[in-house]
Amino acid sequence: MEDSEHAIDGVPAEPGERFAGIPDAFQRLWTPHRLVYIEHGEQPHDDACPFCRAPELSDEESLIVARGEHAYVLLNLYPYNSGHLLVCPYRHIAQYDEASPEEVAEIGELTQTAMRVLRTAARCDGFNLGMNQGRIAGAGIAGHLHQHIVPRWALDANFFPIIAGTKAVPRLLGETRAEIAGAWPSGTRR
């Protein structure tokens, strides 16, 4: 491979095989997209809500996999697992009980479709679904309602999260978004 194939945002990157003094069987964990979150871990201001901004961008740029009438589905920028999706209403509301009946119904429909797509595309064995309501409950973006859909596999648990505080995410976000968006049923995507 030439060095141009290892470029990240136009900056040449060294191939991984150059980092080990003696070649070994270990895979290197690279998650540079998490550095901003790790270093700053701050909540965005409400006027800079990423879930309000995402639908204004292209699907590829915002990691959106499907758009509905009242809600949309996007990849989590800081995923717990590959394929970690979020379902968000377009409307900027913080709590589930503020959602309209139409928003609740579409969030549910999109969640079900996402589960079916992930079972096929990611061949996952199960899911964690959930909404953290408010900062005190662990919401990363407390001002905008979002539901997590985290695919799980029988063999996805290891020592990294417990011992090293690190979660290995083996696929690039853009690749994962393209695969999930491509597997999304065309009749449910606008």
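**Reading cysteines and charged pairs**

Student: How many disulfides does the structure hold?

Tutor: This predicted model holds zero disulfides. The general idea is that a disulfide is a covalent bond between the sulfur atoms of two cysteines.

Student: Why is there no bond at Cys-88?

Tutor: Look at the distance between sulfurs. The cysteine sulfur closest to that of Cys-88 belongs to Cys-49, and it lies 8.0 Å away, which is too far for a bond. The cut-off for a disulfide is 2.5 Å.

Student: Is Cys-88 buried or exposed?

Tutor: Cys-88 is buried, with a relative accessible area of 0%. Cys-124 is buried too, at 9%. To judge this yourself, remember that buried means under 20%.

Student: Let's move on to charges. What is the idea behind a salt bridge?

Tutor: Side chains of opposite charge can pair when their charged atoms come close. In this model the count comes to three salt bridges.

Student: Which residue does Arg-67 pair with?

Tutor: Its partner is Asp-59, and the closest N and O atoms of the two are 2.7 Å apart. Arg-67 is buried, with a relative accessible area of 13%. Asp-59 counts as buried as well, at 17%.

Student: What about Arg-177: which residue is its partner, and how far apart are the closest N and O atoms?

Tutor: Arg-177 forms a salt bridge with Glu-60, and here the closest N and O atoms are 3.5 Å apart. Now find both residues along the chain. Arg-177 sits in helix α6 (residues 173–183) and Glu-60 in helix α3 (residues 59–62), so this salt bridge ties together parts that are 117 residues apart in sequence.

Student: Are those two residues buried or exposed?

Tutor: One of each! Arg-177 is buried, with a relative accessible area of 8%, whereas Glu-60 is exposed, at 54%.

Student: Which residues form the salt bridge that involves Glu-103?

Tutor: Glu-103 pairs with Arg-91, and their closest N and O atoms are 2.8 Å apart. This pair also links distant parts of the chain: Glu-103 belongs to helix α4 (residues 101–121), while Arg-91 is in the loop between β3 (85–89) and α4, and the two are 12 residues apart.

Student: And how accessible are Glu-103 and Arg-91?

Tutor: Glu-103 counts as buried, with 4% relative accessibility. Arg-91 counts as partly exposed, at 40%. You can follow that label from the cut-offs, because partly exposed covers the range between under 20% and over 50%.

Methods:
Residues are numbered from 1 along each chain as its sequence is written. This is a predicted model: local features need pLDDT of at least 70, side-chain atom pairs count only at pLDDT 80 or more; totals for chains, interfaces and linings use all residues. Side-chain values use heavy atoms; hydrogens and water are left out. Buried means under 20% relative accessible area, exposed over 50%, partly exposed in between (1.4 Å probe, protein chains only). A salt bridge is a side-chain nitrogen of Lys or Arg within 4 Å of a carboxyl oxygen of Asp or Glu. Helices (H or I, at least four residues) and strands (E, at least two) are DSSP runs, numbered from the N terminus.
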